[in-house]
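Reader: Could you take me on a close look at one part of this model? I would enjoy a connected account that I can follow with the structure open beside me.

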Amino acid sequence: MNEYKKIIRSAKVRHTILEALRFIPDKQMIELQYRIKMGRKLNLRNPQSYTEKLQWYKLYYRDPLMTKCADKHQVREYLASRGYGDLPCEEYGIYDKPEEIPFDKLPDRFVIKTTNGSGTNIICTDKKRLDIQSTVTELADWLKRDCYGLGREWAYKDIEPKIVVEEFLEDKANSFEGINDYKFICFNGKVYYVVFDADRYVGHKRSIYDADWNYIDVGTDCEKLGDVVSKPEGFDEMKKIAEDLSSEFPSVRVDLYWVNHRAYFGELTFYPWTGYVVFDPESFDYEVGQNFKLPEKLIGGGIAKK
């Protein structure tokens with residue numbers, strides 16, 4: 001899957017190339033990307049695997065609520081409407097331009113992210129060591145990025161790019177670096193799988209479990225952690241939250257953290273890994289796909305909510 005990354009090592013160059021190819025229609029571009037990244041032809045007429053159905057989801061499902069929930073700031077309104085207004089961490093501010101960020105008034109540690117991006121995060125653990133000018137330059141570059149054009153992920157298309165500054169979360173009792181990420185793969189309001197990510201920024205490792213925290217021996221594109229993590233203290237609570245938040249959608253991954261004995265919201269991800277994750281064994285892609293029931297009713301070139 002990552003052979004193209006070995007050829008073009010710079011993420012910025014890869015993004016520039018994809019933006020230059022923006023003229024290619026979505027369907028043709030997605031078919032091309034799928035062939036390159038997955039190593040097989042995309043079946044859109046009768047998609048069977050999880051990754052195939054995610055490509056179909058990009059092209060044909062059009063629920064405006066997805067755009068609000070993919071927005072790193074606007075999603076807070078959805079959380080509040082579902083009774084989870086206290087689930088996100090504290091937001092220090094939202095800004096149109098990086099020059100507007102009052103760095104002198106921020107605490108020593110914080111997180112900066114863009115409302116429409118994926119992987120566009122800056123983790124500041126010591127403000128005195130932060131290169132503010134480089135940070136401003138990088139954020140300005142991210143704001144200009146056509147995030148929709150990169151993977152043709154429809155939910156990101158109409159998000160107004162802004163900058164969000166949030167609380168830095170720390171779990172001192174964690175045996176891994178940083179905080180643990182629990183990604184609940186849900187279909188129509190039911191959790192089917194949980195992806196556990198640890199050491200996200202220093203030797204990223206991953207394990208996959210079923211909905212009852214039974215280990216599944218499946219590999220992806222990062223190091224396999226193995227069956228070494230006990231069911232987390234707040235698993236049942238997080239599972240309930242994930243099912244509540246996912247009930248409006250045919251498919252969504254609900255990303256949560258468990259820090260200092262309470263749950264925190266991460267994000268709602270409608271196209272996990274842009275739909276280009278290579279599972280080992282490949283049969284797991286089809287197993288997950290069996291649980292993803294695609295909606296059927298077409299409205300205005302898209303799909304209506306069932």
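Author: Happy to. A pocket here is an open set of grid points where a 1.4 Å probe fits, with protein on both sides within 12 Å along at least five of seven lines. Please keep in mind that this is a predicted model.

Let us start at the second largest pocket, which holds about 360 Å³ of space. Its lining is made up of 15 residues, and Asp171, Asn180, Tyr182, Pro232 and Trp258 are the ones nearest the centre. By character, the lining splits into 6 nonpolar, 6 polar and 3 charged residues.

Two of those central residues lead us on to strand β10. Valine 259 belongs to this strand, and among its contacts beyond four places in sequence is Asp171. The others in that set are Glu170, Ile179 and Tyr264. Valine 259 counts as buried because its relative accessibility is 2%, under the 20% cut-off. From the C-alpha of valine 259 to that of aspartate 181 the distance is 9.9 Å, although 78 residues separate the two in sequence.

Aspartate 181 turns up again when we move along the strand. Strand β10 spans residues 252-259 and also contains aspartate 255, which touches Asp181 as well as Tyr182, another of the central pocket residues. Further contacts of aspartate 255, again leaving out neighbours within four places, are Lys183, Phe265, Gly266, Glu267 and Thr269. Is aspartate 255 buried or exposed? With a relative accessible area of 2%, aspartate 255 is buried. Its side chain has polar partners there: the side chain of arginine 253 at 2.8 Å and the side chain of lysine 183 at 3.4 Å.

Phe265 gives us a link to leucine 245, since leucine 245 touches Phe265 too, along with Tyr78, Leu79, Arg82, Tyr84, Leu87, Val254 and Leu268, residues up to four places away not being counted. Leucine 245 is a good guide to the largest nonpolar core, which has 66 residues. Together with Phe184, Leu268 and Phe270, leucine 245 touches the most other members of that core. The element giving the most to this core is strand β6, residues 190-198, with 6 residues. A second core stands separate, with 15 residues that include Tyr95, Ile122, Val136 and Ile163. As background, nonpolar side chains tend to be buried together in soluble globular proteins.

Definitions and conventions
Residues numbered from 1 in each chain as written. Predicted model: local features only at pLDDT ≥ 70, side-chain atom pairs only at ≥ 80, totals over all residues. Heavy atoms only, no water. 1 Å grid on protein atoms, 1.4 Å probe; cavity = no way out; pocket = protein on both sides within 12 Å on 5 of 7 lines; lining within 4 Å. Points joined across faces, edges and corners; volume = space filled by probe spheres on them. Nonpolar A, V, L, I, M, F, W, Y, C, P; charged D, E, K, R; others polar. Helix = DSSP H or I, 4+ residues; strand = E, 2+ residues; numbered from the N terminus. Buried < 20%, exposed > 50% of the residue type's maximum accessible area, 1.4 Å probe, protein only. Polar contact = N/O pair within 3.5 Å; in protein donor to acceptor, adjacent residues only side chain to side chain. Contact = heavy atoms within 4.5 Å. Core = buried A, V, L, I, M, F, W, Y, C linked by side-chain atoms within 4.5 Å.
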